[in-house]
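Visitor: I am new to this structure and would be grateful for a close look at a single part of it. Please take me through the way two of its helices are placed against each other, together with the residues around them.

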Amino acid sequence: MYLKKSSWLISLACTLFSVVRLLILQKFSFSALSDSLFLFTLLFLIVGGFLWVFASGFFDLFQASFKKRSQKSKTEYLKLSEVGRSSFRFWLEPAGILLVLSLLSLLMAIRK
């Protein structure tokens, strides 16, 4: 398994944004960098986690029962498992990279 180039670029952009923001605020430390990177990690992890649960098919039964309940419309619907099937890796890969970077900067902060 390999990581996509976009995952590395997104992670790099988030890291650079965090470093520049901390430098502008003149509050740069490795613990502050770890906190900032972890906030980006949470963003990607929450969205990716929801898409992963959708892709697992957990909510398809609920969706089908609601569709059956309102039989007025005969239109075809898109299953929730098809919504997140291809996009949850896009969100979880940068989350993993940013989590590792956050933990590394936390280790560097503890070493001092």
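**The pairing of helix 2 and helix 5**

Guide: Helix 2 and helix 5 run roughly antiparallel to each other, because their axes cross at roughly 155° and an angle over 145 degrees is counted in that class. The model is a predicted one. In it, the two axes come within 7 Å, and the crossing is left-handed. Helix 2 covers residues 30-55, and helix 5 covers residues 88-111.

One may begin with Trp 52, which belongs to helix 2. Its C-alpha atom is separated by 5.5 Å from that of Phe 88, although the two residues are 36 places apart along the chain. Once neighbours within four places in sequence are set aside, Trp 52 is in contact with Phe 88 and Leu 92. Trp 52 nevertheless counts as exposed, because its relative accessibility is 52% and the class begins over 50%.

A second place to look is Ser 105, a residue of helix 5. Ser 105 counts as buried, since its relative accessibility is 4%. Apart from residues up to four places away in sequence, Ser 105 touches Phe 30, Leu 33, Ser 34 and Leu 37.

Leu 37 leads further into the arrangement. With residues up to four places away again left out, Leu 37 touches Cys 14, Thr 15, Ser 18, Leu 98, Leu 101, Ser 102 and Ser 105. Thr 15 is located in helix 1, which spans residues 5-24. The contacts of Thr 15, counted in that manner, are Leu 37, Leu 98 and Leu 101. Thr 15 is buried, because its relative accessibility of 18% falls under the 20% limit.

Leu 37 is also part of the largest nonpolar core, which has 10 residues in all: Ile 10, Cys 14, Leu 22, Ala 32, Leu 33, Leu 37, Phe 40, Phe 44, Ala 95 and Leu 98. Helix 1, helix 2 and helix 5 are the elements that give two or more residues to this core. Helix 2 provides the largest share, with five residues.

Helix 5 also holds a charged pair. Side chains of opposite charge can pair when their charged atoms come close. Here Glu 93 forms a salt bridge with Arg 89, and the closest N and O atoms are 2.4 Å apart. The count of salt bridges comes to one. The two residues are four places apart in helix 5, so about one helical turn separates them. Their surroundings may be described in turn: Glu 93 is buried, as its relative accessible area is 7%, whereas Arg 89 counts as partly exposed, with a relative accessibility of 32%.

Finally, the loop before helix 2 deserves attention. Gln 26 is found in this loop, between helix 1 and helix 2. Most residues other than glycine have a negative phi. Gln 26, although not a glycine, has a positive phi of about 55°. Gln 26 counts as exposed, because its relative accessibility is 72%.

Terms used
Residues numbered from 1 in each chain as written. Predicted model: local features only at pLDDT ≥ 70, side-chain atom pairs only at ≥ 80, totals over all residues. Heavy atoms only, no water. Buried < 20%, exposed > 50% of the residue type's maximum accessible area, 1.4 Å probe, protein only. Core = buried A, V, L, I, M, F, W, Y, C linked by side-chain atoms within 4.5 Å. Contact = heavy atoms within 4.5 Å. Salt bridge = Lys/Arg side-chain N within 4 Å of Asp/Glu carboxyl O. Axes fitted to C-alpha atoms, helices over the stretch in contact; angles between N-to-C directions. Parallel < 35°, antiparallel > 145°, perpendicular 65-115°, else oblique. Left-handed = near helix turned anticlockwise from the far one by under 90°.
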